[in-house]
Amino acid sequence: MAGNPDFNSLLSTTLQNYQPTLVDNIFKDLVLLNHLNERGRVRVEEGGTSIVEPLLYAVNDTVGTYSGYDAIDLTPQEGISAAEYDWKQMAASIAISGIEEAKNRGTEAIIKLLNAKIMQAEMSLKTTLNSQLFGSASASTDFNGLGNIVGTQNNTVGGIDANTNSWWNPTYDGTAATLALTDMASIYNQASKGSDVPDLIITNHNLFEKYESLLVNNIRYQDVSKANNGFTNLMFKQTPVVFDLTLGSDASGAPMYFLNTKYLKLTGMNGYWFTTTDFMKGTVAGVDARYALVLAYGQLTCSNRSRQGFLSANA
């Protein structure tokens, strides 16, 4: 293998020093990841066999008024359960081949090469995580996504079957009629309870443009913090409406998610949340290269699906 063996230490230290910046960048440029992070919904927790989210799904029926020596209802109450989510694993490898190392001799050249490879891994991790958060966990190893948490009814999420536990279904309208403000208001209101309302509405760009066309001429309100972070947005009631190209370009049956992120959480495992391994010198699986890994163990969880809304509409 070509190169200086001290490069392992040099490369590993450089990668480890960049790790905090890598995490910051992953949650900066894409609107859903940015929003979850800004709302404090990206949490790092200690490990365990699974992630458990307590759920409150029914009222306490013993509450009531009484007088003097009236008997107070002591009936044991149900209505408290828990959703249980498996940890998922994501990784990116950063490799420098023997010939690349030989062509980039010297500290400055090899660090420049490493920085380019770190940028490549960072962009790929960010894109993959964002894509899975909009997906439906179609592969057993995928993170949960809005597709299976919010965009699907009567399915099993967090070990709870919504087909037999209707309270665990999202607020849902899949009729796919032409987008109308009344339809948006209906989903928004059904997913709300008092001041507990959706804090982000996200769709694809075609449905976003359709929504923009429905607004009163020359009146365009924006969420200032979203705009300052570089995200085009419009307001619906008190909630910003944004788009993400990950949701495709369908003009018919396009998705619109009404998210209350108070009940959504992107959980990372302490010690394994976009952490980096040391570079290893020598042939790995018969390949002449040095390798390091970026590892992320986590999962997207939900503790109240009924506060999440889904509308399928045509632009």
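Before we start: Ala, Val, Leu, Ile, Met, Phe, Trp, Tyr, Cys and Pro count as nonpolar, Asp, Glu, Lys and Arg as charged, and the others, Gly among them, as polar. This is a predicted model, where local features need pLDDT (the predictor's confidence in each residue, from 0 to 100) of at least 70, side-chain atom pairs count only at pLDDT 80 or more, and totals for chains, interfaces and linings use all residues. Residues are numbered from 1 along each chain as its sequence is written, and side-chain values use heavy atoms, with hydrogens and water left out.

**Exercise 1.** Work out how the residues lining the second largest pocket divide by type.

*Solution.* Step one: 16 residues line this pocket. Lining residues have an atom within 4 Å of a pocket point. Step two: sort them, and you get four nonpolar, eight polar and four charged. Step three: look for the residues nearest the pocket's centre, which are N144, N148, T156, G158 and Q299.

**Exercise 2.** Find out what kind of pair Y188 and F236 form.

*Solution.* Start with the rule: rings of Phe, Tyr and Trp (its six-membered ring) pair if their centres lie within 6.5 Å; planes under 30 degrees apart are stacked, over 60 edge-to-face and the rest tilted. Here the centres are 5.7 Å apart and the planes sit at 70°, so Y188 and F236 are edge-to-face. Next, place them: Y188 is in helix α6 and F236 in strand β9, so the pair ties together parts 48 residues apart in sequence. Last, check exposure: both Y188 and F236 are buried, meaning under 20% relative accessible area.

Notes
On a 1 Å grid over the protein atoms alone, a cavity is a set of points where a 1.4 Å probe fits but cannot get out, and a pocket is an open set with protein on both sides within 12 Å along at least five of seven lines; lining residues have an atom within 4 Å of a point. Helices (H or I, at least four residues) and strands (E, at least two) are DSSP runs, numbered from the N terminus. Buried means under 20% relative accessible area, exposed over 50%, partly exposed in between (1.4 Å probe, protein chains only).
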